[in-house]
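These are my notebook entries from a session of looking things up, written for someone who is opening the entry anew. I begin with how I use my terms and then go from the whole chain to single places.

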Amino acid sequence: MEDGFSSYSSLYDTSSLLQFCNDDSASATSSMEVTDRIASLEQRVQMQDDEIQLLKSALADVVRRLNLSEEQQAMGSRRGPTKDPTKMRKSPSADSSFGQSARPMIATLPVRPTVNNGTVLPKKGSSTLPSPAGSGSRKDASPATNKRILSLSTVRRANSNEHVGTLTRKDSGDSKGNRTRAGSTGSNSSGKRSDSKQRDPVFNAGMRRVTHCKEEGYVKMFLKGRPVTMFMPKDQVESYSLEARGELPSNKLKLDWVYGYRGRDCRSNLYLLPTGETVYFIASVVVLFNVDEQLQRHYTGHTDDIKCLAVHPDKITIATGQVAGTSSDGKQLAPHVRVWDSVSLNTLQVLGTGFFDRALVCLAFSKSNGGNTLCVVDDSNDHVLSVWDWQREERLAEAKCSNESVFAADFHPTDSNVVVTCGKSHLYFWTLEKGLLVKKQGLFEKQEKPKFVLCVTFAENGDAITGDSSGNILVWGKGTNRISRVIQGAHEGSIFAVCMLRNGTLVSGGKDRRLVSWDGSYQQIQTVEVLESFGPIRTIAEGRGETVLIGTTKNFVLQGSLDGDFIPITQGHTDELWGLAVHPWKPQFLSCGYDRQVCLWDSSTHQLIWTKTLEDTAQSAGFHPSGAVVAVGTQTGRWLVLDTDSKDLVTVHTDGNEQLSVMRYGPDGNFLAIGSHDNYIYIYAVAENGRKYSRVGKCSGHSSFITHLDWSVDSQYLVSNSGDYEILYWIPSVCKQVVSAETTRDIEWFTQTCTLGFQVFGLWPDGSDGTDINAACRSNSKTLLVTGDDFGKVHLFSYPCSQFRAPSHIYRGHSSHVTNVSFLYDDSYLVSTGGKDMSVLQWRIV
């Protein structure tokens, strides 16, 4: 046995590790610099981690082979011996990695190719191997380490039918990619051997490597060092070529509608333009919404979250500021201001690239000099205030504003050299003098100093008016830094917004949800309270005529008058968004997320049909084929079924206590499959048009959480993807795994949301770590494939997408990871959901 396993030790060389262990250069007695010693220690730790992952991978493969051998032995004992054990022991088809004397039954490994990823039905005892965990990458791993990891992950089969090339990576895989388990090590090639076979092509791309085995008819891709084997349909085995180039789709996407508004953590971001359009932002899109005509236009020049907005006195030019970000190739995107034309949507200037830090929090155009200057406050530690001649892209002055939060900044209406800023524990009056910003602090004197000064505006006579966290409105005399008037207790709690209307009426709003109007003598005129469901008032803007626009902290934009009711003209989610489901035969879709809100939308009218509040945070959703009910999965293992028309609760069930990532009904409506983070797929029989459910069982075999599910056209099969890049197939009616590639390779799938599979593997970008793509969806016409990634991009591919490095049209709009994408039932529109940007974008297919 020792001789048998001695050859297996040749798969990896520990000499480099021993060399590091014996090296004393990083000890306290070393003459090396501290930073060099730390780097040396980091390299040692990394080498040791690589060796540990190598051993775990080896153990996984050993256990898998032992399990296969035991199964074969059990089958052989039932059928009787068919071969001489001695000959079997000497069989050249036994893997050379194990030696010819180790485990004689290994020679009886089946010659028939197994299902994708080489997975077999799990046996007790084989599920304790580590599943992928953690994320990140190591860029300084030595080539020797990469080579050893690769040689083991492919079990170094010298006689394999596929060509294994040297892997070139930008990052060597981390623990997530290198850990494997029994039954999913990727040893899926047939037991047949052909030493004289011509080598098949291999493509290396960053962390991805793709190989093609024409004889067995599969393509193998490596994600984070994990092999993913994808069998192609039989009719493509002879004609398929990995070198062929994919084509761009003839269709494109055009942003049609944006659902949502960012009011939860942004201020002064709502204005009415002379065109009748209301301007506001969410994610990285500025929306210009004509409420009367129900039309939207969009400015999409930004690359990440927009945090502030200012309108020029000409009411045409607009400035918007964004946060710092990271591009898909890891490059830092600097925070900057974009000045643009609201009529043509053309960018006029880009300011401050390389100057601002983190993000921009406040913007304002000057008013008395024709709007020639722009003041900006960034989100650096010092919250630097800068003043710009924006047309010349010239910075006129800059100063450290405060090391505390800054909430508002604005120019004095009659003096373009005066800027007022306010924030936590401060109110500053700045004067621009000879290229310098001179600061005067607001003196509260006898007035108790509030913790936060939250907003500022100006009266017609030039007085500054502030609202604070104590609920008081303070008036500051023109040209002074002293209080001239106090409206004590104007609101209960913080005052988030003050706005001076054209007729001289002051309007204030805050945490108490009350909108209060004040006359020129600061006497209260009237009060309107908005509904609790709309949330506290975050910003106020003057509308057309007598109307007032309100933005709330629950992301509503309301329109109404000071003596009437307010109705929402825009609304959206208020927390991370994941669940998306499209109606099977109506222009409707449903969204749900961590705000516990389930919303049904009409894609034609862009209106909310209904919303329902759940007890738990929602994660996923799926419509019954009849459209009569919709199932919603939560993060707690509970799932519920709602009536589509009335939003009434039909039934509630619980499976496990982890989040339910996928809710998918079979095409015939007789089964519901639920993918959970506890690694199981729960199957329910469905009756009475989606109103009665009985549990069939659970599909067990994955070693990581379920990410995607698809049903076959005939509702007989189910395919699943998991967090460790497995592809498994099932007969859901009996909860049994299908392990024969010949059975599964020609199955026609009703949907294509799985991100791993032969028809879609081309969607993975170079250098992907296997988690970059969150969602995929094939069009109902089966000609387009769309994906949403971690970098806020929506990609449109041609379908099938089975060529390496498939080209795509790329669209921006989201500023967070795109969590879900789906075509409407008639392929007229595509809907995408953003995670932390809380937006829903509707794209027209053109």
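**Entry 1: terms and ground rules.** I call a residue buried when its relative accessible area is under 20%, exposed when it is over 50%, and partly exposed in between, with a 1.4 Å probe and protein chains only. Because lysine 367 has 37% relative accessibility, I enter it as partly exposed. I am working with a predicted model, in which local features need pLDDT of at least 70 and side-chain atom pairs count only at pLDDT 80 or more, while totals for chains, interfaces and linings use all residues. Residues are numbered from 1 along each chain as its sequence is written, and side-chain values use heavy atoms, with hydrogens and water left out.

**Entry 2: the chain as a whole.** I looked up the secondary structure and found seven helices and 58 strands, where helices (H or I, at least four residues) and strands (E, at least two) are DSSP runs numbered from the N terminus. The chain has 846 residues, and buried ones make up 59% of them. I then took the contacts (heavy atoms within 4.5 Å) between residues at least 6 apart in sequence, and 53% of these join residues at least 24 apart. The exposed area comes to about 34,100 Å², with carbon and sulfur atoms supplying 48% of it; such areas come from the Shrake-Rupley method with a 1.4 Å probe, and for residues only the protein chains shown count as cover.

**Entry 3: one sheet.** I followed an open sheet of four strands, with antiparallel pairing, in the order S28-S29-S30-S31; two strands pair if DSSP finds at least two bridges between them. Its edge strands are S28 (495–500) and S31 (524–529), each of which pairs on one side only. Neighbouring strands of this sheet are turned against each other by 15 degrees on average, direction ignored; for this, axes are lines fitted to C-alpha atoms, for helices over the stretch in contact, and angles run from 0 to 180 degrees between N-to-C directions. Between S28 and S29 (residues 506–510) I find five bridges, and in S29 glycine 509 is the bridge partner of alanine 497.

In the loop between S29 and S30 (514–518) I came to arginine 513, whose phi is near 65 degrees, a positive value in a residue other than glycine. Arginine 513 has a relative accessible area of 18%, so I enter it as buried.

**Entry 4: glutamate 542.** What does the side chain of glutamate 542 reach? It reaches the backbone nitrogen of arginine 502 at 3.1 Å, which I log as a polar contact (a pair of N or O atoms within 3.5 Å; within protein, one must be able to donate a hydrogen and the other to accept it, and residues adjacent in sequence count only if both atoms are side-chain atoms). Glutamate 542 belongs to strand S32 (residues 537–542) and is buried, because its relative accessibility is 18%. Leaving aside neighbours within four places in sequence, its contacts include Leu272, Cys499 and Thr547.

**Entry 5: salt bridges.** My search of the whole structure gives 22 salt bridges, each a side-chain nitrogen of Lys or Arg within 4 Å of a carboxyl oxygen of Asp or Glu. Arginine 844 and aspartate 256 form one of them, at 3.2 Å from N to O. They link distant parts of the chain, with arginine 844 in strand S58 (residues 840–845) and aspartate 256 in strand S5 (residues 253–259), 588 residues apart. Arginine 844 is partly exposed at 29%, whereas aspartate 256 is buried at 13%.

Arginine 262 and aspartate 305 meet at 2.9 Å, N to O, and both are buried. I also looked up lysine 367 and aspartate 410, whose side chains meet at 2.7 Å, N to O. Lysine 367 lies in the loop between S16 (360–365) and S17 (373–378), and aspartate 410 in strand S20 (residues 406–411), 43 residues apart. Aspartate 410 is buried, with a relative accessible area of 16%. Salt bridges with shared partners also join Lys234, Glu742 and Arg745 into one network.

**Entry 6: two backbone details.** Tyrosine 799 and proline 800 are joined by a cis peptide bond, with omega about 0 degrees, and proline 800 sits in the loop between S54 (794–798) and S55 (809–811). Histidine 606, although not a glycine, has a positive phi of about 65 degrees; its place is the loop between S38 (597–602) and S39 (607–613).
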